[in-house]
Structures are given as structure tokens and as C-alpha cells.
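Grab a pencil and open the viewer. The exercises below each set a task and then walk through it one step at a time.

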Amino acid sequence: MRREELGDLMAFRRVAEERSFTRAAARLGTSQSSLSLIVRRLEERLGVRLLTRTTRSLAPTEPGERLLAALGPAFDSIEQELEVLGQYRDRPAGSFRITATQHAIDTVLWPKLSPVLRHNPDIRVELFSDLALTDIVAERFDAGVRFGEQVEKDMVAVRIAPDARLVVVGAPDYLANRPTPLSPRDLTQHDCITTRLPTYGGIYAWEFEKDGQELRVRVEGQLIFNDVGQVLRATLDGYGLAFLFEDMVCNHVAAGRLMQVLDDWTPPFAGYHLYYPSRRHASPAFSLLVNALRHQKP
């Protein structure tokens, strides 16, 4: 196989996985028009259409899916071996993609990775903010971040943060003329600022536990967001009660800008874990990132 043909196959794979010429071009560092020309040239050489294109979508055809399935393991193996070869360099190097929530990025990933990246300029990291429980293998991420109880059993899991806690808070102005909720069921009588989870396509049901009793309450309100930062701003503005991470609101509670309720119904749970496939090669650069993120108990 000529080098040009190998490059064409790699370009097709990226377009098929990204479902977009624009995103694939950005990942490959080329132009959208050049990438389109490459795929069209590959289709002409093979004599079959590999991609179905419309004005709004792009997807592999049946032959395209077969080719993509055949290319995946081969290119994955090549990429992993090239990454391992990086250990022979004078300093760690490699590119890594990690998917996590914005809260995890802001409070754990960035504070811990920033010093490492500053002293290792040959390591490149893409932090992708997403609320979904992303399939990191299918979406070609090197690792993901989830709470401990959400990590699948076939993954390597490394704790990167202490236990977490979600608490119910509201602005004093909001609670001044309303009864304080004494049980999670009382929340159905309140305006609650909710979050839509893309994985399930629905509104997140608030989860509570006390003395072994678990409750899930489907709350409602005027506002729905898909970003916890926006939820916090709306809560501070008095639009209702919110279910937020304790570390996001503790300063506001201490300063009197927010009030916490149902404290005895919100115990801590297993905090953030970095997870990745057990078959993944641990290159020096990847090991450096994992060790930097690893939670150190006090």
C-alpha cells in the first residue's frame, strides 16, 4: 500500500467517526475542501460510496461501516505503538483526549494538570466538557471522568478526588416567603432549577438518602439548564432551589447569599475517578498524567 492510500484511509476514518468534515478537518489540521477531495478520491478508487451526505448530516454507508470496522483495530494498534515509542524520547510526549463534566474540569483536572503541562510542552491534552456518560472507546477518548459508582467494571479506575456531596440550596429572598422543605417530597411544592442530562434526554431526578431510605424526586420549575454554572447563577438570583455540589456553594452559604436545606438527606458519595480501558498501553506521558491526577488522601 502506498503512503498516499494509507493517508486516504486515515482521513476517511476520521470523517466517519466525527460525522463531520468540519470537525474532522480541525482534528487533522487540514481544510474541509481538501478532506472532501481525499474521501471522494478514495471512493472513486474503491468504486463504492463510503459516506452518505446531506445538508444536515453525514454517515457511513454499509460499505463504509464495514471499512471503518476493519480499519479501527489496525489504526488503534498503530497509534498505541507510536505512543509507547515515545518513551525513548528525552522527555514525555503524546496527545490525549479526556471527557469530563465542566465541574470536574474546573475543580480537579485543570488545577492538577496545569503544572504538569507547563513543564512538559510535548504533552498535548484535550479536555472535552460533557454531561453525558460518554462511551470513551466508541468516541475515541483516552480516558473519562465519572463518579466512582458510575465506572464500568471492565475499566481501570483511579480516584482523583475526595468524596463528593450534592446539597439543596436557595437564596434567602426565595425562601423568605415559602415553607422550608423538611422532606425531599416537599420539593414538589417548590420552584426547582433543574438540569437536563443528554445521556437520558430527560430532567435529572434529585437523589436523596437517609437511614438507609433512598428517594428520587422529580422536581419542576421555571428554568432548565445543562450547565451547573448557569444553575448556580439562577439560584443566587432567587429563581428557586437547586441541587449543586457542596464545593460550589459553600462560600455562598457561609456568606449568607444561599441557605442550605435538607442537610440530613444528602450524604457524601464516591468522588471523581479517572477511567480508561484496561488494555490501554501506559506510556510514560499517560502515566505522568494519571499520577498527577491521583487523589492523595490527607
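A polar contact here is a pair of N or O atoms within 3.5 Å; within protein, one must be able to donate a hydrogen and the other to accept it, and residues adjacent in sequence count only if both atoms are side-chain atoms. Keep in mind that this is a predicted model.

**Exercise 1. Follow the side chain of D227**

Task: Find where D227 sits, and work out which backbone nitrogen lies 2.9 Å from a polar atom of its side chain.

Solution:
- Start with the location: D227 is in the loop between strand 12 (224-225) and helix 7.
- Next, check the cover. Buried means under 20% relative accessible area and exposed means over 50%. D227 has 25% relative accessibility, so it counts as partly exposed.
- Now look for the partner: the backbone nitrogen of G229 lies 2.9 Å from a polar atom of the D227 side chain.
- For a sense of distance, take W206 too: it is 21 residues from D227 in sequence, and their C-alpha atoms are 16 Å apart.

**Exercise 2. Do the same for D142**

Task: Decide whether D142 is buried or exposed, and name the residue whose backbone nitrogen lies 2.8 Å from a polar atom of its side chain.

Solution:
- D142 belongs to the loop between strand 4 (123-129) and strand 5.
- Its relative accessible area is 17%, so D142 is buried.
- The backbone nitrogen belongs to R97, at 2.8 Å from a polar atom of the D142 side chain.

**Exercise 3. Map the surroundings of strand 5**

Task: Strand 5 covers residues 143-147. Work out how many of its residues are buried, which way they point, and which strands it is joined to.

Solution:
- Count first: five of the five residues in strand 5 are buried, leaving the strand mostly covered.
- Then sort them by direction. A143, V145 and F147 point one way, while G144 and R146 point the other way. In a regular strand the side chains alternate between the two faces of the sheet.
- One partner is strand 3 (residues 94-100), which runs parallel to strand 5 and is joined to it by two bridges. Here T99 has G144 as its bridge partner.
- Another partner is strand 15 (residues 272-277), which runs antiparallel to strand 5, with four bridges between them. Across this pairing, V145 stands opposite L274 and R146 stands opposite H273.
- Carry on to strand 15 itself: six of its six residues are buried. Five bridges join strand 15 to strand 6 (residues 155-159), again antiparallel, and V156 of that pairing faces Y276.

**Exercise 4. Lay out a three-stranded sheet**

Task: Give the strand order of the open sheet of three strands, then find what packs on it.

Solution:
- The order is 13-7-14, and the pairing is antiparallel.
- The edges are strand 13 (242-245) and strand 14 (259-261), each of which pairs on one side only.
- Neighbouring strands of this sheet are turned by 50° against each other on average, direction ignored.
- Strand 7 (residues 166-170) pairs with strand 14 over three bridges, and V169 stands opposite Q260.
- Helix 7 (residues 228-236) packs on this sheet, touching strand 7 and strand 13, and its direction makes about 125° with that of strand 13.

**Exercise 5. Read helix 2 from end to end**

Task: List the buried residues of helix 2 and describe what happens at its start and just after it.

Solution:
- Helix 2 spans residues 21-28, and its buried residues are F21, A24 and A25.
- Look down the helix 2 axis: these buried residues fall within an arc of 100°, so they line one face of the helix.
- At the start of helix 2, a side-chain oxygen of S20 comes within 3.2 Å of the backbone nitrogen of T22.
- Just after helix 2, G29 has a positive phi of about 70°.
- Finally, look at E18, which lies in helix 1 (residues 3-18). E18 has a relative accessible area of 16%, so it is buried. Leaving out residues up to four places away in sequence, E18 touches R23, A24 and R27.

**Exercise 6. Step back to the whole protein**

Task: How many helices and strands does the protein have, and what percentage of its residues are buried?

Solution:
- The secondary structure comes to nine helices and 15 strands.
- Of the 298 residues, 42% are buried.
- Among contacts between residues at least 6 apart in sequence, 74% join residues at least 24 apart.
- The C-alpha atoms fill a box of roughly 75 × 45 × 35 Å along the principal axes.

Note on methods: Residues numbered from 1 in each chain as written. Predicted model: local features only at pLDDT ≥ 70, side-chain atom pairs only at ≥ 80, totals over all residues. Heavy atoms only, no water. Pairing = 2+ DSSP bridges. Axes fitted to C-alpha atoms, helices over the stretch in contact; angles between N-to-C directions. Contact = heavy atoms within 4.5 Å. Buried < 20%, exposed > 50% of the residue type's maximum accessible area, 1.4 Å probe, protein only. Arc of directions from axis to C-beta.
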